[in-house]
Amino acid sequence: MITAGVGLSVLIVLVVGIAVARKVDGDSANYLVAGRQLGVPLVAVALTTAAVDSNATVGNTDLSATYGFWAGASLALGLAVCLLLAGLFLARPMNQMGLFTLGDFFARRYNRPVEVVSSVLMVFAFTILLAGNLVAMGFLMETFTSMSYDAGVVLAVCLVLAYTIGGGLFSDAYTAVIQAVITGIATVVLFVWVANEYGIAIPDGLGPFDLGQLTDTGQGAAVNWATLISLGIGDLVAIDFMQRIFAAKSPAAAQKACFIGAGATAVVGVLWSLIALTSVSALGLTSENGPIIYQLLDHHAPVILAILSLSGIVAASFSTASGAILATSAVAVRNIAGVRREVAPGHHDPLLRWTRVAMLPVVAVAVVLAIRVSQTGILLTLAFDLMLACLAGPFLLGLFWKRSTSTAALVAAGVGLAVRLVLLALVPTLYGVPNDLFYIDNTMVDAGLDGWATLVAASVSLVAFVVTSLLTSSQPDEEIDLRTLPAGEMSVSGG
C-alpha cells in the first residue's frame, strides 16, 4: 500500500511535467529559463524545492540523530542563509543580466578560459549533488519494495529524466508546485504526529540550544560551521538556484522569491531535525539500521502518514534532481561545448537539442557516484564545499569588485581545487563520516582537521584571488562592472 501511494504521487508529477512540456515550443530560452516569465509564487516554490531535497530531509535526520541538531539542521539552514544572501545581494543584478546559465556570468565578466574552467567545476559539483538525491531514492526503494538499492537509483533517475528532458525549467517549475505542497503538508503532519505521540524529546547534548555543537571542536563544531559556510556561501554558486532566478519575470520578483524560499527552507529543516532527535530519544532508533526517517515511517508511523511523508521525500528529491540535471547539462553544452541558441524559422535550436542529449551522460555519471558513495547529506555538502573553495571568490568579488581579473579567477580556482583535493585525500573523515570517496592512508593528518579543511581551502583560494587581482591587469575582453549596464544589454553574445 505504501508503494502504491507513493507511486501515485510520482505519477501525478510525471503527468504534469510531461503536459507542460509543450510550453517549450522548440526554443531553448523557454527550456532553460522558462521564457523569463515566472512570477514570485512559482520562483519561490522552485527555489524552496531545490533547497529542500533528500539531503535536507533524509540526510538531515541521519546527521541530527547521530551528531546533534546542528549537524543535520545546518544542511537546511545553510541553504536558507544562501537564499537570504542571494535575495539581499544577488537576485536583482543576476536577473537583470538576461543570462541563460551561471556559466554565462563567468564568460561575460572574465573571458573564455574562465568560462570553461568554472563550468567544468560546476558540472562536477552538481553531478555530486544529483548523486546525493539519488542515494535517498535508492534507499527508499530498497526499504519499501523488493527492489535493490542499485535498481532503485536507476529507476529514480529514469523517472526524473522522463519529464525533465521534455519540458526543461517549465516542467521543473510547474511540478515544483505539486512537490512543494506534498513536502510541506508531509513535514507539518509528521511533526504534529510525532509531537502528539511522543512529545518533542531531545537527547542530552544534542538539541538546538546545546551550543557546544557550535563552540567545541570535540562536539563537531568545526564540521558544523564548515557545513553552514560551504552551503551558505558556496551554494551562491549554484547553477540550479541561479537558473530559477534568471527565470523570474523581474528583478523584484527574483528577490522576493529568494526571501520566501529562505524562510520556508529554514522551517522545514528545523522540523525534520526535531523529528529525528525525538525518534532517537523516544524510540531508540539509530542510523546503523538504515536512514532514521525510513525506520520511523516503516515500523512506527501509521500507513497513511508513511505514504504522505515518503511522497514528500520523493517529491523533494525529484525537484532538486530535475533542476540539477537541467542546469548541469545546459552549462556543459552552452559554456563548455560553446553551443549557442538559434531560433531561425525552419531550424531546430541546437542549444535545446544538445542540452537534452547531454542529460544522458550526466545522469549516468551521477548513478555511478550514487552507487559508489551511498551518503546523502555528505554529498550535498561536498558539492558546495568545492564551489566555496574554487568559485565563490571569483563570482562574488567579480560582481562587486572592479579590480577582479581573469588571471586571478583562474589562479583562485586552481589553487582552491588543489588544496581541497589534497586535504580531502589526507583527512580520514568527511563531515564526520568515514572518507570512502577519496582517502589515501597516511599518518600526517587525523580526523581533527575535518571541517577545518573546508575553511582552509576557501581562505587560501580567496587570498590567491585578491593578491593575483592586485598584481595583474584586466584584459580587453573583460566586462569590468556588469552592474552598470541596463537590463537587456547583458545577455551573452550569440544568445
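F400 is situated in helix 17, which comprises residues 392-400. In this predicted model, the residue has a relative accessibility of 36% and is therefore classed as partly exposed. F400 also contributes to a nonpolar surface patch of about 450 Å², together with L84, L88, F89 and F259. The greatest contribution to this nonpolar patch comes from helix 5 (residues 69-96), which supplies three residues.

The cysteine residues were examined for covalent cross-links. A search over the whole structure returned zero disulfides. For C82, the closest cysteine sulfur belongs to C258 and lies 8.2 Å away, which is too far for a bond; a disulfide would require the two sulfur atoms to be within 2.5 Å. C82 has a relative accessibility of 2% and so counts as buried. C158, by contrast, is partly exposed, because its relative accessibility is 44%.

Helix 14 extends over residues 303-336 and contains 34 residues. With 1.5 Å assigned to each residue, the span expected for helix 14 is 50 Å; the C-alpha atoms at its ends are 48 Å apart, and the two values therefore agree. The expected figure is obtained by multiplying 1.5 Å by one less than the number of residues. Helix 14 is also mostly covered, as 30 of its 34 residues are buried. Just after this helix, G338 adopts a positive phi of about 80°.

Positive phi values also occur at two residues other than glycine, D25 and A34. In D25, phi is near 55°. This residue belongs to the loop that connects helix 1 (2-19) with helix 2 (28-33). The relative accessible area of D25 is 64%, and the residue is therefore exposed, the threshold for that class being over 50%. In A34, phi is near 50°. A34 is placed in the loop between helix 2 and helix 3 (40-51). Its relative accessibility is 0%, so A34 counts as buried, a class that is defined by a value under 20%. The two loop residues thus fall into opposite accessibility classes, because D25 is exposed whereas A34 is buried.

Definitions and conventions: Residues numbered from 1 in each chain as written. Predicted model: local features only at pLDDT ≥ 70, side-chain atom pairs only at ≥ 80, totals over all residues. Heavy atoms only, no water. Helix = DSSP H or I, 4+ residues; strand = E, 2+ residues; numbered from the N terminus. Buried < 20%, exposed > 50% of the residue type's maximum accessible area, 1.4 Å probe, protein only. Patch = residues over 30% accessible without salt bridge, like charges linked within 9 Å, V, L, I, M, F, W, Y side chains within 5 Å. Areas by Shrake-Rupley, 256 points an atom, 1.4 Å probe, with all protein chains shown as cover. Salt bridge = Lys/Arg side-chain N within 4 Å of Asp/Glu carboxyl O.
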